[in-house]
Amino acid sequence: MIPAQFDYEAPTTIDEALTLLAANPDDAKILAGGHSLLPAMKLRLAQPALLVDIGRIKDLSYIREGGGQILIGAMTTHYELESSALLKQICPLLPECASHIGDVQVRNKGTIGGSVAHADPAGDWPAAIIALDAEMVAVGKNGERTIKAGDFFVDLLTTALDSGEILREIRVPKPAGRFGHAYQKVRHPASGFAVVGVAVALQIGAGGECERAGIGITGVASKAYRAVAVEQALRRQTLDEQTIAAAAAHATDGVDANSDLYASEDYRRHLAKVYTKRAIEKAVTGAG
Ligand SMILES: Cc1cc2nc3c(=O)[nH]c(=O)nc-3n(C[C@H](O)[C@H](O)[C@H](O)COP(=O)(O)OP(=O)(O)OC[C@H]3O[C@@H](n4cnc5c(N)ncnc54)[C@H](O)[C@@H]3O)c2cc1C
């Protein structure tokens, strides 16, 4: 379990990091918390010749409000998100989702930026990022660009980021009015990753009807996805038991579900529907 030989650089500015990446376009990798990359290197699934450690770049770790959005630096750890008093108040889906990740050690080192850039199909963050309609801010040699959550997760371990880009910030629209959030997960008993994870962000009108539903599902397919049919079935409806059950039945519509030794395709689809129902019910019950 020893990685192949590699060089290591620890730049202190984003510009320096971008220069290092540009000079090594095919064989450099960004190192954040190392909790996905280092295991992959030890297994020789990844053999980068150069690691660019972004942990010493200032101002990549923060949770702030600005312009009606919640701004999260890419190097913010899972624990910082889990324990943020601000987020518990204004966007409880983020701390709730963080609390489901791995164990205390993983949450203290792993970062939200590393997690979404890694795009593990069973990772927890992508579900919440999709449900909340977040945007990813990527910086490259030609400047910054913003990528919507729905366009960011391309396939298994593949995102819309270019190899020379650094994910700098995640922007989440600040929930307004009456909203309900929930994350429900079936943990794999060995790895702790999501066999199925469902993130729900609801906007609820004065009369109790659903104004907006964001439903992100992870663990089921080769990438996390937006459960569009569930969202549509909830929109403008009163969120009663029948409506929620009927909507949740669409959780895997149009999706190629994974099958493995632990969970067959049918079982995964079943879990996705049951946990979507539970997550919507929890979000409705907890709505402020
Ligand atoms: C025992 C264990 C249990 C775990 N359980 C869970 C779990 O239950 N749920 C879950 O979701 N995750 C789990 N994880 C994964 C964990 O959440 C990782 O922290 C996360 O996937 C990667 O974040 P990182 O900061 O460690 O990134 P790294 O491992 O440093 O990097 C991961 C990848 O992202 C790239 N990258 C990192 N940061 C950036 C950036 N800012 N811009 C562009 N590219 C970047 C790297 O080059 C690399 O390819 C677990 C990990 C371990 C070791």
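1. In this predicted model, four strands form an open sheet in the order β11-β12-β13-β14, and their pairing is antiparallel. The strands at the edges are β11, covering residues 178–187, and β14, covering 225–226; each has a single partner strand, so one side of each is left without a neighbour in the sheet. As general background, strands of a sheet pair through backbone hydrogen bonds, and the pairing may be either parallel or antiparallel.

2. The pairing between β11 and β12 can be followed in more detail, since β12 spans residues 194–204 and is joined to β11 in the antiparallel sense over 10 bridges. To see one of these positions in the model, look for Gln-184, whose bridge partner in β12 is Val-198. Helix α12, made of residues 265–285, packs on this sheet and touches β11, β12 and β13 (210–218), while the direction of the helix makes about 35° with that of β12.

3. The structure holds 16 salt bridges, and a student may find it useful to recall that side chains of opposite charge can pair when their charged atoms come close. One of the salt bridges joins Lys-282 to Glu-96, with the closest N and O atoms 2.6 Å apart. Because Lys-282 lies in helix α12 and Glu-96 in helix α5 (residues 93–99), this pair ties together parts that are 186 residues apart in sequence. As for their surroundings, Lys-282 counts as partly exposed at 39% relative accessibility, whereas Glu-96 is buried, with a relative accessible area of 17%.

4. Helix α12 covers residues 265–285, and a further salt bridge is formed by the side chains of Arg-268 and Asp-260, at 3.0 Å from N to O. Are these two residues buried or exposed, or does each have its own answer? Arg-268 is buried, at 6% relative accessibility, while Asp-260 is partly exposed, with a relative accessible area of 39%.

5. Two other cases deserve a careful look. The side chains of Arg-168 and Glu-169 meet in a salt bridge at 3.9 Å, N to O, and here both residues are buried. Elsewhere, salt bridges link Asp-133, Arg-212, Arg-226 and Glu-231 in a network; in terms of the sheet, β13 covers residues 210–218 and β14 covers 225–226.

6. Which residues come nearest to the ligand? There are 31 residues around the ligand, and those that come nearest are Ile-30, Ser-36, Leu-37, Thr-111 and Asp-124. In the side chain of Asp-124, an N or O atom is 2.7 Å from a nitrogen atom of the ligand. Backbone atoms take part as well: an N or O atom in the backbone of Gly-102 lies 3.0 Å from a ligand oxygen atom, and a polar backbone atom of Ser-115 is 3.4 Å from an oxygen atom of the ligand.

7. Thr-111 can be described from several sides, beginning with its place in the loop between α6 (104–109) and α7 (112–118). At 6% relative accessibility, Thr-111 counts as buried, and the side chain of Thr-111 reaches the backbone nitrogen of Gly-114 at 2.9 Å. Leaving aside residues up to four places away in sequence, Thr-111 touches Ala-32, Gly-33, Ala-74, Met-75, Thr-76, Thr-77 and His-78. Of these contacts, Met-75 illustrates how the chain folds back on itself in space: Thr-111 and Met-75 are 36 residues apart in sequence, yet their C-alpha atoms are 5.3 Å apart.

Methods: Residues numbered from 1 in each chain as written. Predicted model: local features only at pLDDT ≥ 70, side-chain atom pairs only at ≥ 80, totals over all residues. Heavy atoms only, no water. Pairing = 2+ DSSP bridges. Helix = DSSP H or I, 4+ residues; strand = E, 2+ residues; numbered from the N terminus. Contact = heavy atoms within 4.5 Å. Axes fitted to C-alpha atoms, helices over the stretch in contact; angles between N-to-C directions. Salt bridge = Lys/Arg side-chain N within 4 Å of Asp/Glu carboxyl O. Buried < 20%, exposed > 50% of the residue type's maximum accessible area, 1.4 Å probe, protein only. Polar contact = N/O pair within 3.5 Å; in protein donor to acceptor, adjacent residues only side chain to side chain. Near = heavy atom within 4 Å.
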